[in-house]
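Colleague: Could you walk me through how the chains meet in this model?

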Amino acid sequence: MAEENLQNKIDVIVVGAGPAGVSAAITVARGGKSVVLVERAPFAGAKNMYGGVIYTHAAQEIFPNFEEAPIERYIAKHSYVLLSEKDSTQISYKNPEHEKNAFVAIRAKWDKWCVEQAMKEGVYFAPNTLVRELIVRDGKVCGIKTDIEEYYADIVIVADGVNSLLAKQIGLRKNIKPKNAALGVKEVIKLSKETINKRFALEDDKGCAMEIVGKPLEKLFGMGIIYTNKDSIAVGIGVSLEDLKKQKMKPYELLDKLKEHPFVADLIEGGELVEYSAHLIPEGGYNAIPKLYTDGAMITGDAAGLVNNVHFEGTNLAMISGKFAGETALAAFEHNDFSSNMLCLYAKKLENSFVLKDMKTYKDVVHLLSGRCSSFLNYYPDNINKFFNIFTCADGEHKKQKFQKFTKDFFVKRSLSELFKDAIAGIKIVFGILK
Amino acid sequence: MDKKIEDKLFTLKYKTDSKCHLHPDEAKCLQCLEKTCTIVCPANVYSYNETDKKLTVSYEKCLECGACRIACKYINWEYPQSGKGVIFKKS
């Protein structure tokens with residue numbers, strides 16, 4: 001192609017320096033091909049937030065020296081919390097052998113560190129560079145158009161996040177439907193390390209991940225999260241965009257409701273808000289995954305909707321998908337074939353890994369749960385709290401009467417047909433996972 | 001103005017773009033009954049004035065999440081120009 005300036009031609013362009021993009025870029029560089037990693041923000045991580053953690057297995061696979069990274073705390077304790085109007089029930093899981101399975105990091109620091117490692121291994125990083133569109137010739141993606149220039153490559157790896165305007169431009173995906181998107185809003189609240197360790201019953205640098213359901217988010221398909229950083233905690237919610245629309249609820253008001261619940265209020269008391277943030281989460285699961293490649297391009301991470309929302313996994317799916325895209329690009333260079341015929345290897349790698357296997361396992365869970373969210377995320381949690389209220393309360397009245405009332409209320413306040421539908425959904429979920 | 005959300009946004013750093021990157025179709029806004037953009041936006045970017053029949057877009061507060069573009073199909077949504085917009089440092 002005559003107009004391709006040789007200076008503007010590189011082997012691979014990766015768009016987006018999040019976990020998927022950086023993993024793709026470093027994999028390509030390790031294979032000896034030239035690669036530029038393009039990011040619209042001034043530094044990697046500046047546009048990124050999550051309600052989650054980084055998984056050691058994925059971090060280790062991409063960055064063997066990940067322990068040198070700015071890690072906040074390893075997750076030594078997982079807590080699941082059910083909230084009613086004022087009361088709460090908490091279940092915690094701790095296992096001394098699984099204390100290093102995942103960790104919390106601040107994205108502006110972690111993503112930046114990852115890109116620094118990639119640069120050390122030969123990746124050319126281009127921050128402050130927004131890709132307006134992909135250059136397509138004869139149906140093949142062959143470059144990018146930025147605000148200033150055009151750059152060409154044999155392969156473009158699209159890692160531009162949940163909104164992926166680029167995947168949409170080349171027809172690989174459409175806009176996400178509101179029912180397939182959750183909005184995450186989060187506050188990072190500063191507290192001393194000692195206070196955090198005391199309130200969360202943690203030792204030293206160990207951390208805690210909490211998933212919360214119940215009253216403050218009633219009528220919506222959504223959950224709350226609390227994660228501990230070194231000297232701050234993140235409190236957030238992830239709620240269905242469709243439900244926010246339907247219930248006409250503002251996301252930050254819902255977050256405030258969660259923060260006002262006595263359980264959460266006690267944890268954050270006296271803390272100072274240091275940063276507020278928001279992000280979309282792709283929630284469509286397996287059934288909403290688009291075609292993952294076309295001639296000259298592959299899409300990865302959130303851009304491809306690769307999120308396991310049952311287990312709150314996203315960063316690991318992003319990193320591994322990026323790695324697979326990088327490996328596929330290297331194979332394409334070996335065969336000098338950049339067409340779909342070659343790049344379908346990327347989809348095969350994903351299908352043979354936990355990424356698509358797990359997403360397939362849970363393909364109907366979110367849909368079934370969201371249809372019954374008023375029961376599974378509200379009615380039953382509320383009744384668990386009611387049960388414990390009776391069980392723990394000594395007030396001179398005899399227990400039998402209380403339990404009789406509890407049992408009667410349980411069946412009266414929710415009709416038999418609703419309970420039956422819940423049971424069917426529950427069975428479908430279990431069979432869907434195990435079949 | 002909702003003080004609480006303004007306080008939250010006050011914690012953020014922005015490199016304000018010189019031009020607006022959010023373009024709702026104003027003709028559709030006039031007919032729109034739901035005004036979903038004013039509900040789902042986590043940064044309170046959109047506000048509708050019933051008297052003037054005008055939608056104000058405070059794009060400089062945008063967190064670039066894309067909730068509005070998914071919730072309403074009549075918003076022509078772009079990213080801010082290279083290097084511009086919100087910067088998260090502690091999330």
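Modeller: Between chain B and chain A there are 23 residue pairs in polar contact, both at pLDDT 80 or more, a polar contact being a pair of N or O atoms within 3.5 Å, where within protein one must be able to donate a hydrogen and the other to accept it, and residues adjacent in sequence count only if both atoms are side-chain atoms. This is a predicted model, in which local features need pLDDT of at least 70 and side-chain atom pairs count only at pLDDT 80 or more, while totals for chains, interfaces and linings use all residues. Residues are numbered from 1 along each chain as its sequence is written, chains are lettered from A and ligands numbered from 1 in the order in which they are written, and side-chain values use heavy atoms, with hydrogens and water left out.

Colleague: Which elements give two or more residues to the side of chain B that touches chain A?

Modeller: They are α1 (3-9), α3 (36-40), α4 (67-71) and β6 (85-87) of chain B, helices (H or I, at least four residues) and strands (E, at least two) being DSSP runs numbered from the N terminus. Of these, α1(B) gives the most, with five residues.

Colleague: And how many salt bridges cross the interface?

Modeller: The rule finds six between chain B and chain A, taking a side-chain nitrogen of Lys or Arg within 4 Å of a carboxyl oxygen of Asp or Glu. One of the salt bridges joins Asp256(A) to Lys8(B), at 2.6 Å from N to O.

Colleague: Switching topic, how many disulfides are there?

Modeller: Over all chains there are zero, with a disulfide taken as a pair of cysteine sulfur atoms within 2.5 Å. For Cys72(B), the closest cysteine sulfur is in Cys37(B), 6.3 Å away, which is too far for a bond.
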